[in-house]
Amino acid sequence: MELPASAHLTTTSEPDEIVMMDALALSRTIARRDVSCVEVMTAYLKHIHRINPQVNAIIALADDAALLKEAEERDEQLHRGEYLGWMHGFPQAIKEGTDTKGFPTTSGSPIFADRIADSDSPVVARIKAAGALVIGKTNAPEFGLGSQTYNPVWGTTGCAYDPSKTCGGSSGGAASALALRMLPVADGGDYMGSLRNPAAFNNVLGYRPSWGLIPDDSRFIAQLGVGGPMGRTVNDIAALLSVMAGPSKAASLEIDGNSSIFRLPLERDLRGARIAWVGDYNGYLATEPGILDLCRKSFAAFESLGATVEEAVPDYSLSALFDTFMTWRGLSQLRRYDLWADPVTRAKLKPELAWELERASKLTAVDIYNADQERKAWYAAVVKMFDRYDYIVAPSAQVFPFDKNVHWPSEINGRQMDTYHRWMETVAPWSLTGLPVMGMPVGFNEAGLPAGIQLIGKDDRGVLQMAYAYEQVTGWVQKRLPPLLNTTWL
């Protein structure tokens with residue numbers, strides 16, 4: 001691991017056992033009053049102050065004294081028998097860009113550097129109602145664009161396993177903080193792998209739920225972006241999903257279901273399950289050496305569960321599909337058109353966003369209609385594939401974590417990338433389907449950098465059950481901890 005220029009490494013005592021607990025274990029400990037909410041907040045703040053300066057994952061951290069006072073109030077509620085929910089007393093940082101009352105929502109842009117939210121988004125309101133205490137925000141790319149977390153307002157976030165490398169994005173701060181035990185669980189969002197890519201880069205889990213499961217009050221079009229949970233265990237993911245999911249009067253498009261099903265046991269006999277491995281789509285996707293080999297090693301875990309893994313790809317042109325994705329992507333960015341139309345704000349935009357908006361401004365109604373029809377055809381091809389297979393597995397990223405000062409890889413294994421997101425093309429097909437996808441760890445390369453796979457399924461509970469079974473066999477999150485958990489820089 002590369003150290004900052006002025007740093008030296010000092011071995012320290014083990015982190016407090018409170019921060020090392022999985023979220024559900026911590027929840028039970030608080031509910032039993034074996035540990036107070038003040039003790040939990042104290043342990044987390046001490047850990048954050050020690051670790052966060054090395055990675056810059058948590059931003060806009062609130063005042064310690066104010067947070068400890070809120071934790072004391074949670075203890076008083078417990079004393080009165082007022083248990084709010086499984087997140088009672090949890091320190092929680094919310095992804096930048098998600099409105100959280102009293103905290104910045106800058107989107108990482110100098111245009112909005114002074115913007116403070118005056119209300120909570122629906123998901124944040126639910127997390128608070130479940131007992132969590134918001135301590136700050138987690139860093140994300142400017143306007144959430146790109147699978148690399150940097151912006152001119154909050155700076156750059158490092159990988160939990162090597163702070164000189166990128167943590168991925170856009171939920172990069174969330175993944176890095178989670179891996180380093182600075183948060184029990186984390187929230188995020190996913191348009192083009194923003195939960196799956198940082199999960200892979202930080203050896204944690206990121207879940208993209210079925211489209212509409214988590215309400216979104218910002219649109220009337222079934223766009224590709226969804227909110228979702230991140231965790232260190234599948235059970236923790238399911239527990240946070242039970243809080244985030246469910247119908248909302250404010251959301252026009254949603255799945256109207258009972259979110260409590262995600263708290264049911266996930267054990268399931270998976271003997272006979274059939275899994276399709278799409279890999280690099282017969283060489284279509286450029287991949288860094290070692291990525292596919294690590295992914296293939298995961299087959300043994302599935303096979304130990306009684307499942308079979310076969311190489312297979314949907315009957316569809318991936319090249320045509322990326323063009324479809326680009327149209328949907330452009331359409332989604334038109335909500336920011338006014339920033340591009342104004343020369344003053346245009347000059348302050350991230351170049352990749354300016355590029356997106358310039359392209360999007362030229363879209364026609366025919367372009368959008370055709371992209372809608374192509375998305376429908378792709379979905380039909382995937383549904384047909386599910387006639388034969390129960391799950392699909394694909395790489396979560398085409399590269400390992402790279403230098404955090406590199407905005408995005410311009411080439412992979414000798415092949416040039418023609419856009420700032422082409423290097424993450426492996427996730428785009430599954431965003432277009434709206435199907436549930438779990439990003440899961442698969443191991444590390446010789447440099448100690450992690451990688452991951454996507455598990456795609458037909459329904460949320462089925463994906464959670466297979467992910468849980470895979471986790472019991474592999475245990476990657478606990479098997480290999482970030483080096484910073486045992487060291488600090490002084």
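Where is Ala-60 found? In this predicted model, Ala-60 sits in the loop between strand S2 (58-59) and helix H4 (64-79). Its backbone has a phi near 50°, a positive value in a residue other than glycine. Most residues other than glycine have a negative phi, and most peptide bonds are trans.

Ser-107 is another case of this kind: its phi is positive, at about 55°, although Ser-107 is not a glycine. The loop that holds Ser-107 runs between strand S3 (91-95) and helix H5 (122-129). Is Ser-107 buried or exposed? Ser-107 has a relative accessible area of 15%, and because buried means under 20%, Ser-107 counts as buried.

The peptide bond between Gly-169 and Ser-170 is cis, with an omega of about 10°. Ser-170 belongs to the loop between strand S8 (162-166) and helix H6 (172-179).

The cysteines come next. How many disulfides does the count give? The count comes to zero disulfides. Cys-295 shows how this looks for one residue: Cys-295 is in no disulfide, and the nearest cysteine sulfur, that of Cys-159, is 16 Å away. A disulfide would need the two sulfur atoms within 2.5 Å, so a pair 16 Å apart does not qualify. Cys-295 is buried, with a relative accessible area of 0%. Cys-37 also counts as buried, at 0% relative accessibility.

The last topic is empty space inside the model. Rolling a probe the size of a water molecule over the atoms shows where empty space is left. The structure has three cavities of 30 Å³ or more.

The largest cavity has a volume of about 80 Å³. Its lining is made up of Gly-144, Leu-145, Gly-146, Ser-147, Tyr-191, Met-192, Ser-194, Arg-329, His-421 and Met-424. By class, these residues divide into four nonpolar, five polar and one charged. Arg-329 is the charged one, because Arg counts as charged and Gly, for example, as polar.

The second largest cavity has a volume of about 50 Å³. Which residues line the second largest cavity? They are Leu-145, Gly-146, Ser-147, Gln-148, Tyr-150, Lys-350, Glu-352, His-407, Trp-408, Tyr-420 and Trp-423. This lining has five nonpolar, four polar and two charged residues. Lys-350 and Glu-352 are the charged pair, because Lys and Glu both count as charged. Leu-145, Gly-146 and Ser-147 appear in the linings of both the largest and the second largest cavity.

Conventions: Residues are numbered from 1 along each chain as its sequence is written. This is a predicted model: local features need pLDDT of at least 70, side-chain atom pairs count only at pLDDT 80 or more; totals for chains, interfaces and linings use all residues. Side-chain values use heavy atoms; hydrogens and water are left out. Buried means under 20% relative accessible area, exposed over 50%, partly exposed in between (1.4 Å probe, protein chains only). Helices (H or I, at least four residues) and strands (E, at least two) are DSSP runs, numbered from the N terminus. On a 1 Å grid over the protein atoms alone, a cavity is a set of points where a 1.4 Å probe fits but cannot get out, and a pocket is an open set with protein on both sides within 12 Å along at least five of seven lines; lining residues have an atom within 4 Å of a point. Grid points are joined across faces, edges and corners, and a volume is the space filled by probe spheres set on the points.
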